[in-house]
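Colleague: I would like to go through this model and ask what stands behind each label. Please set the values against the cut-offs as we go.

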Amino acid sequence: MDQYEEGYDKKEIEVLVCDPIVKKDGLKNYVVYTLKGQDQDGNFEVVRRFNEFDCFRTTLQIRWPGCYIPPLPIKKPVGNMDQKFIDERMHYLNLFMIKMATINHLWYSDECKLFIRGNGDIEKQLIAFQKPTHRDIIYKYETVFKDFSGKEINDQLLTKIQNFSLFLRRIQPQLETFQQQAKLLVQSRVQCQDNMNLLLDYLMPEYEKNCLTEYVVNPENKLVFVQHNAELYQQYRAANEKSSIDNFALSIKIETRDIDAIIEAIQCKEKYEQIKQNYLSKLCSLSNEKKDIENGKTTLKSLFNSNKEEFIQKTQQQIDNVQIEIEQLTNLCDIITVIIGYYILPKYKQEKEKNYYSLLKQMAQHQVQKAQAERNYWLDLDKNQMFLEVLN
């Protein structure tokens, strides 16, 4: 839990990305999406391009390092004006904002307030946000994540983070394989349903009209597919428009991007740890250099400095500055470790478990509805009076 949850109720956040419109900018076309909703600060409705969504997320990565930032869909330089692609991108942008609404410290941040309510050149205004110093980040995180203050950082926690990072990297190629297999299954399912539609919409009616009419008496009363229950047939068609396979394929695609976002957070922690190691090496070098000068040794730098005391004083100032950086980086690494270990990973695992069982429930419900619609349609045909008259 973060401090924003004390003053804001997540349940009151509503957000929707909708109504994509293709616009022209000289020789290029681009798409804008309506972003609207409401939160504790009131209603909002703005129009945003994908590039602005992308800039918004990049700004969050810079100003909230080590935090999970929901993923965006991958950029597509070619074919991004196809209606199918536009609709799919809108779905992912909507999912991005819905996930943002579940992370209150991001939703009520200055960056998000600008994005959902700002006017003018949003990209320029987002980029204008000053890159935070280590001290700025520490102060913000100590305020936002104060409930985690004093949490222990031990070998068990570090191992948990490392092992989970290795796990995510290990399953990435597996998920990519699953994604490709699910894509093929969706294509196969669509083809199968298209074949069935062709049978019921064209082949069977045409057979009755062109062939059966020669074999039967009073053919106008014996054309099954002319007289079948249109309402039941439409329900049958509607139930087969989508499949539980489609939902599974979509969930795998989303999880693949989600894993990238979690790894980004962990890599940020690793980046700060590497920067800290670089400063430690620099501190060692400066300390040795100062010691050599104090002992009367000549170094490359001291050759260009005639005043020994001034050079020692200058080197000491550099040492003091590096020690401050190391202290801040140590503090920052510890805070990010706590955020990842005690907040991000447990929440991520819990959501993945919840999402999986929710997916299974949706798939089961869809399959039941689909089976019921198919059963109702074929049962209605099976009860056709003509079958009884001819077959008995």
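Modeller: This is a predicted model. A place to begin is Tyr141, which touches Arg63, Trp64, Pro65, Cys67, Lys146, Ile335, Ile336 and Ile339, leaving aside residues up to four places away in sequence.

Colleague: What makes these count as touching Tyr141?

Modeller: The cut-off is heavy atoms within 4.5 Å. Tyr141 also belongs to the largest nonpolar core, where it is among the residues with the most contacts inside that core, along with Leu35, Met97, Trp107, Phe115 and Ile262.

Colleague: How many residues does the largest nonpolar core have, and which helix gives the largest share?

Modeller: The core has 66 residues. Helix α12, residues 308-382, supplies twelve of them, the largest share. Another core lies apart from it, with nine residues that include Leu200, Val224, Tyr233 and Tyr236.

Colleague: Why is Cys67 called buried?

Modeller: Buried means under 20% relative accessible area. Cys67 has 6%, so it counts as buried. Cys18, at 10%, is under the cut-off as well and is therefore buried.

Colleague: How do you know that Cys18 is in no disulfide?

Modeller: The closest cysteine sulfur to that of Cys18 belongs to Cys112 and is 16 Å away. A disulfide needs the two sulfur atoms within 2.5 Å, so this pair is too far apart for a bond. For Cys67, the nearest cysteine sulfur is that of Cys268, at 8.6 Å, and Cys67 is in no disulfide either. A search of the whole structure finds zero disulfides.

Colleague: Why is the chain called more spread out than a compact globule?

Modeller: For 392 residues the globule rule gives 21 Å, whereas the radius of gyration is 31 Å. The value is well over the rule, so the chain is more spread out than a compact globule. Along its principal axes the C-alpha trace spans about 120 × 50 × 45 Å. The chain has 13 helices and three strands, and buried residues make up 38% of its 392 residues.

Colleague: What is the predictor's confidence in the chain, and which helices have the lowest and highest mean pLDDT?

Modeller: The mean pLDDT of the chain is 89, with 93% of residues at 70 or more. Among the elements, helix α1 (residues 4-7) has the lowest mean, 46, and helix α5 (residues 110-117) the highest, 97. Over residues 3-10 the pLDDT is below 50, and this stretch has 18 contacts in the model beyond near neighbours in sequence.

Technical notes. Residues are numbered from 1 along each chain as its sequence is written. This is a predicted model: local features need pLDDT of at least 70, side-chain atom pairs count only at pLDDT 80 or more; totals for chains, interfaces and linings use all residues. Side-chain values use heavy atoms; hydrogens and water are left out. A nonpolar core is a set of buried Ala, Val, Leu, Ile, Met, Phe, Trp, Tyr and Cys residues joined through side-chain atoms within 4.5 Å. Buried means under 20% relative accessible area, exposed over 50%, partly exposed in between (1.4 Å probe, protein chains only). Helices (H or I, at least four residues) and strands (E, at least two) are DSSP runs, numbered from the N terminus. The radius of gyration is taken over C-alpha atoms; the globule rule is 2.2 Å times the number of residues to the power 0.38. pLDDT is the predictor's confidence in each residue, from 0 to 100.
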